[in-house]
Amino acid sequence: MHKFNNLTHTLTPILILIFSSINVFLVAGAAEDPFTPKAYLIRYWNKQISNDLPKPSFLIEKASPMTAVQSAAFSKLAGDQNALSTNLPSFCSAGNLLCFPEVGPSLEKHSGDVNFKEYSEKNFTNYGSGRLGGSDSFKNYSNDGNEALNTFRRYSRDSVGHGDKFSTYARNTNVPDQSFNTYGTKATGGTGDFTAYAQDVNVPTMRFTSYSDDVNGRVQTFKSYSENANAGDQSFASYGKHGNAAANEFKGYGNNSNVIGSGFSGYGENGNGANDSFTSYGENGNVPQNNFKNYDENGNGAVGSFANYRDQSNVGDDNFKSYAKSSNAAEEKFSNYGNSFNEGTDTFSGYGGGTVNNQKFGFKTYGVNNTFKDYADKKRATFATYAARATPAELEEMKMKKKTASGKGVNKWIEPGKFFRESMLKSGTIMPMPDIRDKMPKRSFLPRVILSKLPFSSSKIGDLKRIFHAGDESGMAKFITDSLNECERKPSAGESKRCVGSVEDMIDFATSVLGRNVVVRTTDNTNGSGKTVKIGAVKKINGGKITKSVSCHQSLFPYLLYYCHSVPKVRVYEADLLDPNTGSKINHGVAICHIDTSAWSATHGAFLSLGSEPGKIEVCHWIFENDMTWAVAD
């Protein structure tokens, strides 16, 4: 979490007046100030929860860390959204919120070669413009950070023979927001090398806008780009437009990533002699979404190669719209494209064609479930070992081939131990434990008095973006929008749901479903994550009766936000987790078993993992770190 200037140095005069009007007397060594948000929460808990069981420290500690003075001051400001936005850094610092830093413009000029090592949060504006030769290296840049924000604007513009190297850039970062605007525009020669870029990141937003436009003979390489990433989006808009003899290579791009979206819009448009290569792109991904719009349109002599593209991925969709339209002497090759163990959908709309006819398109060992709409003259395309739609038997054969080749099951994206049967919850069972660690940025709830004054609906998205300084195309704007959409989604049959931004709101929802005699549980810690564990003593909650619970899961938002929903027909368990070698206790887990799965999707990961169908089996899973489940107290 970024540290901002001290509150009293940044607040406007109105806040100072508020501070001076509030007198809270504390005696050294006395109990906590009774007017803090946390103190109010404890009083609210005592009033709303009817039992005297110990209060859950893991939940209480998520309350706002604001002092009474800060809470009162920001509550006053929340009534005027412009005033709150003006004081956003102080608000975020006092409330332990997720806010991106304000990266100011930079007009630094560097005459020599530069090596940026272990560096972060920089706005490179007009950097390297007009450089003759030389190279700049970004190594271990913004690694292991939280909300890394970097902007490269007008970088290497009009340069000649200048090399840029981004190696292990933004690795292991959380919610990175990287923007390359007008990067390398009108450059002659030189190289841009992105190696091990944004690996192992969580919810990235990467933008390449007007990247390498009007270049002459420049080579761009994306190698091991966004591998092992989780969610997030990559966008290449107007990339390589009007380029001459530009070569772009995407190798190992987005492999092993989870729900990554990539958009190529206006890529290579009006280019001359472009050579684009996509090798091992999106391989082994989970639900990848790739959109190619106006790609290589009106180009001359463009060569595009897609090899091992989205191979062995789970589901996923590709959309090629107006791809290589009116491109002269275009040659596009799709080899071993889209071979998926769980079929996705590929749509070719307005692909090829236009005003020229000297185009060649080759499809070799091309995947399943593909739609060709308004596709160019079929005489221009060759289809070898092409499956318009695989039969169930063919899909099963693909699964078995992958299993034989790798020695593992095909469901790479269903982590071992993530789902299991109820019969596993007995003492002595040895089983894999999934990675239950919380990947979300650390945040706190807001005081209810402040939360009630802030907008929270898609109709007020503009107000929210203004308060939290979220640009239209920023990562912040996207996850605010995504969370609002999920919160406003219509409940499933029999489901009650609510998104809560304060512990008080969570208490209200849980007690409205279960009554006031409730208890909330979570797994004690993350010990055993990703390892094999042994089940010790097991306790059946509510005597093992089928009951209902309220489960709450985090959503990505500036303040701590939980999506809570009622879960009917479940059994809840507690179990000691032991080291299988020593027998010593390492954790105390909470598991929930869904008895009725008849309304679940047939493609739910539980069925892919356990090999069954909706309604035929129960499905159990552990409660992950910082998630929780409420139940009636025993």
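Trp630 is buried, because its relative accessibility is 0% and the cut-off for buried is under 20%. This value comes from a predicted model. Trp45 also counts as buried, because its relative accessibility is 5%. These two residues belong together. Trp45 and Trp630 form an aromatic pair. Their ring centres are 5.9 Å apart. Their planes meet at 35 degrees, and the pair is tilted. Now look at where the partners sit. Trp45 lies in helix α3, residues 37-48. Trp630 lies in strand β30, residues 628-632. The two are 585 residues apart, and the pair links distant parts of the chain.

Move on to another pair. Phe456 and Phe557 form an aromatic pair with 5.5 Å from centre to centre. The angle between the planes is 65 degrees. That makes the pair edge-to-face, because the angle is over 60 degrees. Both partners sit in loops. Phe456 is in the loop between α9 (448-451) and α10 (461-467). Phe557 is in the loop between β26 (547-555) and β27 (561-578). The pair links distant parts of the chain, 101 residues apart. Is each partner buried or exposed? Phe557 is buried, because its relative accessible area is 0%. Phe456 counts as partly exposed, because its relative accessibility is 30%. Tyr559 joins in as well: ring pairs link Phe456, Phe557 and Tyr559 into a cluster. In the whole structure, a search finds eight aromatic pairs.

Next, follow the strands. Strand β22 covers residues 430-432, and strand β25 covers residues 532-540. Three bridges join β22 to β25, and the two run antiparallel. One contact to find is Ile430, whose bridge partner in β25 is Lys534. From β25, step across to β27. Five bridges join β25 to β27, and these strands also run antiparallel. Here, the bridge partner of Lys539 is Glu574, in β27.

Strand β27 leads to the disulfides. How many are there? The count comes to four disulfides. One of them joins Cys552 to Cys564, with 2.1 Å from S to S. The angle about its S-S bond is 115 degrees, and the link is right-handed. Cys552 lies in strand β26 and Cys564 in strand β27, so the pair ties together parts that are twelve residues apart in sequence. Cys552 counts as buried, because its relative accessibility is 0%. Cys564 is buried too, because its relative accessible area is 0%.

Another disulfide is formed by Cys593 and Cys620, with sulfur atoms 2.0 Å apart. This link is right-handed, with 105 degrees about the S-S bond. Cys593 lies in strand β28 (residues 585-594) and Cys620 in strand β29 (residues 619-622), so the pair ties together parts that are 27 residues apart in sequence. Cys593 counts as buried, because its relative accessibility is 0%. Cys620 is buried, because its relative accessible area is 0%.

Now go back along the chain to Cys92 and Cys99. They form a disulfide, with sulfur atoms 1.8 Å apart. Their link is left-handed, with -70 degrees about the S-S bond. Cys92 is buried, because its relative accessible area is 1%. Cys99 is buried, because its relative accessible area is 2%.

What is the pairing of the bonded cysteines, numbered in sequence order? The pairing is 1-2, 3-4, 5-6, 7-8.

Technical notes: Residues are numbered from 1 along each chain as its sequence is written. This is a predicted model: local features need pLDDT of at least 70, side-chain atom pairs count only at pLDDT 80 or more; totals for chains, interfaces and linings use all residues. Side-chain values use heavy atoms; hydrogens and water are left out. Rings of Phe, Tyr and Trp (its six-membered ring) pair if their centres lie within 6.5 Å; planes under 30 degrees apart count as stacked, over 60 as edge-to-face and the rest as tilted. Helices (H or I, at least four residues) and strands (E, at least two) are DSSP runs, numbered from the N terminus. Buried means under 20% relative accessible area, exposed over 50%, partly exposed in between (1.4 Å probe, protein chains only). Two strands pair if DSSP finds at least two bridges between them. A disulfide is a pair of cysteine sulfur atoms within 2.5 Å.
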